[in-house]
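What follows is a walk through one protein chain, from its overall layout to a few individual residues. Keep the sequence and the coordinates at hand while reading.

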Amino acid sequence: IKIDSFLLSTKNILIQSLVTKRIDNYSKKESLFATADAENLRETAKKLREEAEVLESKLKVDGRRDNNNNNNNKEGDNDSKVTPIFYTSLKESIWNLSYRFASDPPSDNDQDNNDVSNYSGKLTVKLLSNGYSELISHEPIGGSNSITIQKVWGWDPEVSEEDGLDYVLFSVNALLPPMDTNAPNEVVRYYWQARVDTTTNNEGKYLSLEDGTVTMKKDVEPPGGFWGAFNGAGILAQFRFVGNFVAKPAANK
């Protein structure tokens, strides 16, 4: 019995020793794993900090870019918000006149089949309070093969006897280019006319120029070409349609 007890005690001691060693080994392994995990965590944290710094720098750049875009958009919005221009009187008003007309009206005789030269551009005119007109600018289209505006004559308001509506009339001296098919290098006088309409909006009443036409004065040859013993050329004349223009109010600077 004593021997068995001794052996059992010795066995327990050995088992306990083995268990203790295993526990110690497990603790050491756990310690190593913990150390490895800590290193991994530190390395991961370092990478995250680096990525955060890169992302922060990118966000700053993008933020500055967005601010610049917003500022540009605001400036663009300010530029696009153009104050409407209204005139309540023709006196001291300024108009942009986009025109297209021929240097000469088509022939009444279909057999003539004469060609005409067409001109277009934009004319800016100020109608002065004293009845005169001021040529502010002229932007022809066509380069050297375009007209030169030499003078804009005084303007006149008129009530038409035909329809009872208000009109404004003025005339323009234009130097035709050398390539004109009918009157090269000649100064021709053209007559401009537009209907004056009155419109009411939230701002009140304002004027607009509508249905702009361009005409020129042409001699009318009497039957047979003579009035008795005198030539009638230049005695009778009529206004012949040669083109149109569109009028828009311009800023009075």
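A salt bridge here is a side-chain nitrogen of Lys or Arg within 4 Å of a carboxyl oxygen of Asp or Glu. Side chains of opposite charge can pair when their charged atoms come close. The model is a predicted one, and under this criterion the structure holds four salt bridges. Three of them are taken up below, after the overall layout.

The secondary structure consists of one helix and eleven strands. Read from the N terminus, the order of elements is α-β-β-β-β-β-β-β-β-β-β-β. The helix, α1, covers residues 2-80. Of the 253 residues in the chain, 25% are buried. The exposed area of the chain is about 18,200 Å², and carbon and sulfur atoms supply 52% of this area. Among contacts with a separation of 6 or more, 53% are between residues 24 or more positions apart.

Between α1 and β1 there is a loop, and E92 sits in it. The phi angle of E92 is near 65°, which is a positive value in a residue other than glycine. E92 counts as partly exposed because its relative accessibility is 29%. A second residue with positive phi is N185, again not a glycine, with a value near 60°. N185 is located in the loop between β6 (166-175) and β7. Its relative accessible area is 51%, so N185 is exposed; the cut-off for that class is over 50%.

Strand β1 spans residues 93-102, and A102 belongs to it. With a relative accessibility of 6%, A102 is buried. Leaving out residues up to four places away in sequence, A102 touches V116, S117, N118, Y190 and V242. What separates A102 from T215 in space, C-alpha to C-alpha? The distance is 9.4 Å, while the two residues are 113 residues apart along the chain.

The loop after β1 brings in one of the salt bridges. K218 pairs with D104, and their closest N and O atoms are 3.2 Å apart. K218 is in strand β8 (residues 204-219) and D104 is in the loop between β1 and β2 (118-127), so the bridge ties together parts that are 114 residues apart in sequence. Are the two partners buried or exposed? K218 is partly exposed, at a relative accessible area of 26%, whereas D104 is buried, at 14% relative accessibility.

K218 also appears among the contacts of A237. With residues up to four places away in sequence left out, A237 touches K217, K218, D219 and V220. A237 is part of strand β11 (residues 237-249). Its C-alpha atom lies 6.4 Å from that of K217, and the two residues are 20 residues apart in sequence. A237 is partly exposed, because its relative accessibility is 42%.

Two further salt bridges share R195. In one, R195 is paired with D197, with 2.9 Å between the closest N and O atoms. D197 has a relative accessible area of 23% and is therefore partly exposed. In the other, the side chains of R195 and D211 meet with an N to O distance of 2.3 Å. This pair links distant parts of the chain: R195 is in strand β7 (residues 187-201) and D211 is in strand β8, 16 residues apart. R195 is buried at 16% relative accessibility, while D211 is exposed with a relative accessible area of 54%. Which residues make up the network of salt bridges that results? R195, D197 and D211 are linked in it.

Charge also collects on the surface. D156, E158, E161, E162 and D163 form a negative surface patch. One of these residues, D156, lies in strand β5, which covers residues 156-159. The relative accessible area of D156 is 48%, so this residue is partly exposed. That value also clears the requirement for membership of a patch, which is over 30% relative accessible area and no salt bridge.

How values were computed. Residues numbered from 1 in each chain as written. Predicted model: local features only at pLDDT ≥ 70, side-chain atom pairs only at ≥ 80, totals over all residues. Heavy atoms only, no water. Patch = residues over 30% accessible without salt bridge, like charges linked within 9 Å, V, L, I, M, F, W, Y side chains within 5 Å. Areas by Shrake-Rupley, 256 points an atom, 1.4 Å probe, with all protein chains shown as cover. Lys, Arg positive; Asp, Glu negative; His and termini not counted. Charge placed at Lys NZ, Arg CZ, Asp CG, Glu CD. Helix = DSSP H or I, 4+ residues; strand = E, 2+ residues; numbered from the N terminus. Buried < 20%, exposed > 50% of the residue type's maximum accessible area, 1.4 Å probe, protein only. Contact = heavy atoms within 4.5 Å.
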